[in-house]
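Open the model in your viewer and switch to a cartoon view. Keep the selection panel at hand.

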Amino acid sequence: MPENETRPAAAPTVRHVEGTAILTLHGEIDVLTAIPVARRLDDLTAVSCPDLVVDLRPVSFIDCSGLSVLCRARNRVRARGGRLRLVSGDSCFLRLLNATGLGEVFEIHPQLPSGAAGA
């Protein structure tokens with residue numbers, strides 16, 4: 001595959017554990033993949049008091065489109081009295097959040113929260 005072509009990201013996977021929706025994203029979250037990711041997040045945040053964990057560990061790249069989608073999901077969750085947690089230990093992603101002023105906005109965990117990891 002030529003270097004300037006990217007493979008489409010794998011479809012987001014969702015599982016539910018003890019009332020928490022766990023969305024696992026894969027590959028690159030950029031201008032090409034942000035719309036389907038946003039649709040899935042909109043579905044998961046449409047309920048009252050959503051409890052959502054977004055696992056970003058399999059994500060290899062995220063750009064401003066991806067950050068925008070995450071911010072939208074956070075705003076929707078907060079407006080509905082819910083909770084959003086991001087899972088990532090990637091130092092590049094964490095630097096990106098800090099550089100954009102979003103480091104303190106999101107609740108970030110290096111691993112899945114207890115109870116969600118083994119399901």
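Select helix α1, residues 34-44. In this predicted model, α1 lies across three strands: β1, β2 (20-24) and β4 (51-55). Check its direction against β2: α1 runs at about 175° to that strand.

Now show the side chains of α1. Which residues of α1 are buried? Pick A34, V37, A38, L41 and L44. These buried residues cover an arc of only 120° around the axis, so they sit on the same side of α1. Turn to the other side of α1, where I35 and R39 are exposed. Exposed here means over 50% relative accessible area, buried under 20%.

What do the buried residues of α1 pack against? Add β1, β2, β3 (27-29), β4 and α2 (64-79) to the selection; the buried residues pack against each of these elements.

Next, the sheet. Hide the helices and select the strands in the order β1-β2-β4-β6-β7. They form an open sheet of five strands, and the pairing is mixed. Look at the edges: β1 (13-17) and β7 (107-109) each have a single partner strand, so one side of each is left without a neighbour in the sheet. Sight across the strands to see the twist, which averages 25° from one strand to the next.

Last stop: β7 and its partner. Select β6, residues 83-87, together with β7. The two run parallel, joined by three bridges. Strands of a sheet pair through backbone hydrogen bonds, so show the backbone atoms here. Then zoom in on R85, whose bridge partner in β7 is E107.

How values were computed
Residues numbered from 1 in each chain as written. Predicted model: local features only at pLDDT ≥ 70, side-chain atom pairs only at ≥ 80, totals over all residues. Heavy atoms only, no water. Pairing = 2+ DSSP bridges. Helix = DSSP H or I, 4+ residues; strand = E, 2+ residues; numbered from the N terminus. Axes fitted to C-alpha atoms, helices over the stretch in contact; angles between N-to-C directions. Contact = heavy atoms within 4.5 Å. Buried < 20%, exposed > 50% of the residue type's maximum accessible area, 1.4 Å probe, protein only. Arc of directions from axis to C-beta.
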